[in-house]
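Dear colleague,

Please find below the structure that I am handing over to you. My notes on what was found in it follow directly after.

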Amino acid sequence: MKNIGLHKMRREFLQFFKEKNHLIMPSFSLVPKKDKSLLLINAGMAPLKPYFTGEEIPPSNRVVTCQKCIRTADIENVGRTDRHATFFEMLGNFSFADYFKKEAIGWAWEFLTERLGIPKEDLWVSIYLDDDEAFQIWKENIGVDEKKIVRLGKEDNFWELEVGPCGPCSEIYVDRGVQFGCGEFTCKPGCECDRFIEVWNLVFTQYDKDENGEYHPLEHPNIDTGMGLERITAIMEGAQNIFEIREIRKILEFVEKVSGKTYGSDPKVDTSLRVITDHCRAMTFLVSDGVLPSNEGRGYVLRRLIRRAARHGKLLGIEEMFLNSIVEKVIESWKTEYPEIKEREEQIKKVIKAEEEKFEETIHQGINILENYIENMIKNHEECLNGEEAFKLYDTYGFPLDLTKEILEEKGLRADEDGFNTYMDQQRNRARKAREGLSDSGWKNGHPLEILKGYQTTFKGYETITWESEVIGLFIDGENVNRITEGEEGLLILKETPFYAESGGQIGDIGHIENESFKGKVIDTKHTIDESIIHFIKVQTGTINIGDMVWANVDKKHRGDIKRNHSATHLLHRALKDVLGNHVNQAGSIVLPNRLRFDFTHYQAVSREELEKVERIVNEKILESLEVKTIETSLEESEKMGVVGLFEDKYKAQVRVVQMGEYSKELCGGTHVENTSNIGLFKIISESSIASGVRRIEAITGRTVYKYLNELEKDINNISYVLKSSKNDLLDRVHSITEEIKEKEKEIELLKSKMASSIADDILNAKQDTNGISLITYKIENMDMDSLRNLGDEIRDRLGSGVIVLASVDKGKISFVSMVTKDIVAKGIHAGNIVKEVAKITGGGGGGRSDMAQAGGKDISKVEEALNIVPILISEQLK
C-alpha cells in the first residue's frame, strides 16, 4: 500500500478519472449557487444537482471533482472526537446518463487496488438488499468473495429524497484488522465498531420517485460517488485519524507551538487543539468564498467557528490575537491546489481579525456574566440556564448558543434551547414589524389583490416617458369599477405604460394621465401580485372610463433624478469592491429622487480615507462620460461577461444587463442615464452599520448635490459670523476654542478632585463594623460616575481593608460604586453581587468583578434604603 499524502491523493484521483475521459472541474464555491435549499455546500454532488435534475446541460457527461465541503450539524462534537470535522474535501466521479454500475464499480476497485495499492483482501463492500445487479458485478466481474459482499437496508444503502431521482448505493470498506474490532464473529461492515471504515460510496441513481412513493426506472440512469479525501489519506498514511494526517498535523503542531501545549498530554488540551486546527481551515475557505460573519445564515456559521476557536485559544492560555497566524499556515499548505486563498489572503486575514477583535471586546465580560449565572445555578441546585439569560449572552456579549452550551456542559449543566429560541423569535418578529412599518407596500392592505390578477401591461418606459394607451382596469377601494370621476382616488391599469413600477429598490414613477376630457395625477406606480403595473391616480378633472385612450406622461424631473441616483448605485457598488474587496455585495438599496441608500456586506466600519477614495472613483467615472447601455442576454452568457449579480438567487433565463463602459456590469431592471456624465456629481452623506456584517451608505447626486453645497456654504458663513472668524481661518479658530475647553475641563477635574479629597475624611469617619469587616456606605450629591470611582479608589487605599459602597445622585441619575479589598474578597465577599442587589432596590441594575463593580439606579427616594441593606448582604455572603 502506497504512502500517499493529502495533496498527492487529490491529484492522483483527478488524474485517474481524467484518463477515463472525465472532465476535471474545479471545486465550486462553498456558497450554493441558485440553490436555496442549502446553507453551504456539504457534499460533492450538491453543486452538480442542476445536471442531475436536467435543469442545466453538463459541460461533459463524465465529470470528476474534489469539492470543498462544510458540515456544522454536529459542530459541538468537533474537537471532542478525532473523527468529526467541519471542513473536508470530497472526491467524486459522476456520470450524467453515460456509464453506469459496471464502470463505476470497476474503476473504483481499480483505483483503490492498483493506483493506491490497497490489498484486495483488506476490502469489503456493501450493497442494497435487493440490488442483485451490483452483487453480480462485484462477485463475477471484480472477483470479490461473496462473504465480503454485505447486503444492507434502505437506511444504509439507498439514497433518496422525498421525490425525484434516487437509487441504491454500494459502499467500499477497508478492514483495519481484528485489533480494532468488537471481537464478535459476526463483525462486518454495518457493525458499530471501528474495524471497518467506509471510504467510498457509489450511488446508482436509477429510479424516479413520485409523490405516491412509487419508484419508476429512469431512462438514463446516473452515477454519483463520494470519497472523503481526508479519510482515504489517513488510511494510506496509516494515521489513526484525520488530525494525524501529515498536512493537517502540520497545522496542529503550529497550534501547539503558539499555545505551548502538547497534543496527547491531556484530553481537554487535545479537544482545544483539534477545534482550532479544524475551525481555522473552515474559516479560511469560508471567507475566501465571500462569507462574512453575521447573526444569520452562513455568516452565523462563520461567526460560530471564529468565536469557538478564539475561546478554545483562551482555554489553552493564549491571551493575544492568534487566529491569523494559524490561517497563514493553512493558506501556505493549500495555496497550490486553491490559489484563490493566496490571492485573497489579505482580505481573509482582515475579516478574521476584525471578528476576533469584536469577540475579544466582550468575551471576558461575557464569561464573567456566565460564571455568575453558573454560580447561582449551583447555589440554587439548578441544572438548566434559562432562555432569557442564554439569549442575553448572545445578544449583548456575542456568545453563540453552542458556545454557551459548551461552557455549561463542561460544568455538567445545560441551556434551555427552547426558551432561547423563543426570545430569538421575539427579536426577529420585532425587527420584521419594524421593517413592515417602514414598508412601502402598505397600499395592499384592504385591497383584495386577487381581483387585480389577470391583467397584462407592457412596460414602454425604457424607450420613452410618454405613451398613448388604453385603460383596461379601474378600481376604487378594492372594487372593480367602470369609471373614476373628478375628486376620486383609485387604481388604474393600462395596456401599455411608460410608468416604472417600484422594483429592485427603485421607487415608482409619478406624473399625469390625461385625454381631452380627463386629467389625473399619478402619485405612485407599483406591481400587482402577478407583475402587472398599477397606477395610483387622483382624478383632477373630468371622468376616466374603461376602454378610454389616454396619454401617460411620466414626470421628467422626477424620473431624471431617480435615473441619476440608480446609475450612481452601480458605480458605487463597483467602487466599493475596488476599495474594500471583492467580498462586498449588495444587501439592499433604495433609489429615491432626492437620495440613494445602498446596503452592502462588509465586516467593519468604512474608514474616512476609504470613503473619500470611493467617492473620488465614482466622480472620476462620472467625468469620464462612460456610455451606459443595456443588453438582453441569457443568464449563462451574463455570467461569462463577468456581470455582478447575486447568482445564488433565482433569475429568469433571459436577463437585462446594465453596462457602464467597461467599468460596471450588473443585472438590473431599473431605469438609468444614457451616459455617466448625466449623473453630474456624487456625494456620500453618511456611512453606518445596520446589522452585523452589513453597512449602509447614503448619498446624493445631481441637483441635490448642488443644493447640499449651497446649504453647506450658508452654514459655514453663519459659523464664521458666530465665531468672529473668516472662512479661511475657521479651522484654526475651532482648534483654538477646543484647546481652551480642554484647559477649562482640566481645571474642573482638579477642583472636583480637591472637593473629593476634602470629603474623604468625612466618609472615612462613617466607617462601621459588620461581622468583623470594616464597612463604609455613603451618599454624595452631584458627582458623576468617573469622579465617584476615583473617590472610591482613594477611600479604599486609605481604608486598607474592608468594603465600600458609594452612591451619588447627579442630574436625576443614580450611580453606585462598590469596592472590596483583596483580603475581604478572599473571605467570599463579591463587589459585583453586592452592587447588583443594592441597585435593584432603586429599580436599576449592574455588576462587575469581585473587587470592583458599578451600577445605576432610577428611584432617587430609595437610595438610603438601598445602602442600608449592605450589612445584610455581607452577612449572607459570609455564610
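Helices H12 and H13 are roughly antiparallel to each other, a label given to angles over 145 degrees, whereas those under 35 count as roughly parallel, 65 to 115 as roughly perpendicular and the rest as oblique. H12 covers residues 345–379 and H13 residues 387–397; their packing angle is about 165°, and their axes are 10 Å apart. Axes here are lines fitted to C-alpha atoms, for helices over the stretch in contact, and angles run from 0 to 180 degrees between N-to-C directions. Helices (H or I, at least four residues) and strands (E, at least two) are DSSP runs, numbered from the N terminus.

This is a predicted model, in which local features need pLDDT of at least 70 and side-chain atom pairs count only at pLDDT 80 or more, while totals for chains, interfaces and linings use all residues. Residues are numbered from 1 along each chain as its sequence is written, and side-chain values use heavy atoms, with hydrogens and water left out.

The crossing of H12 and H13 is right-handed, meaning that the near helix is turned clockwise from the far one by less than a right angle; anticlockwise would be left-handed. On the H12 side, the contact (heavy atoms within 4.5 Å) includes Phe359, Ile369 and Tyr373, and on the H13 side it includes Leu393 and Tyr397. Sorted by class, this contact has six nonpolar, four polar and two charged residues. Ala, Val, Leu, Ile, Met, Phe, Trp, Tyr, Cys and Pro count as nonpolar, Asp, Glu, Lys and Arg as charged, and the others, Gly among them, as polar.

A second helix pair is H8 with H9 (residues 297–315), which pack at an angle of about 150° with axes 9 Å apart. The crossing of H8 and H9 is left-handed. Among the residues in contact are Val275, Ile276 and Met283 of H8 and Leu302, Leu305 and Ile306 of H9. Twelve nonpolar, five polar and one charged residues make up the contact of H8 with H9.

Turning to the interior, the largest nonpolar core has 117 residues. Such a core is a set of buried Ala, Val, Leu, Ile, Met, Phe, Trp, Tyr and Cys residues joined through side-chain atoms within 4.5 Å; buried means under 20% relative accessible area, exposed over 50%, and partly exposed in between (1.4 Å probe, protein chains only). H12 gives the largest share of this core, eleven residues. Leu112 is one of the residues with the most contacts inside the core, and beyond four places in sequence it touches residues including Ile172, Trp200 and Ile232. A second, separate core of 29 residues includes Leu572 and Tyr663.

Two threonines may be set side by side. Thr205 lies in strand S8 (residues 196–209) and, at 4% relative accessibility, is buried. Thr262 lies in the loop between H7 (246–259) and H8 (267–288) and is partly exposed, with a relative accessible area of 48%.

Finally, please look at two asparagines. Most residues other than glycine have a negative phi. Asn21, in the loop between H1 (6–19) and S1 (23–25), has a positive phi of about 65° and is exposed at 60%. Asn782, in the loop between S30 (773–781) and H21 (785–799), has a positive phi of about 55° and is exposed at 61%.

Yours sincerely
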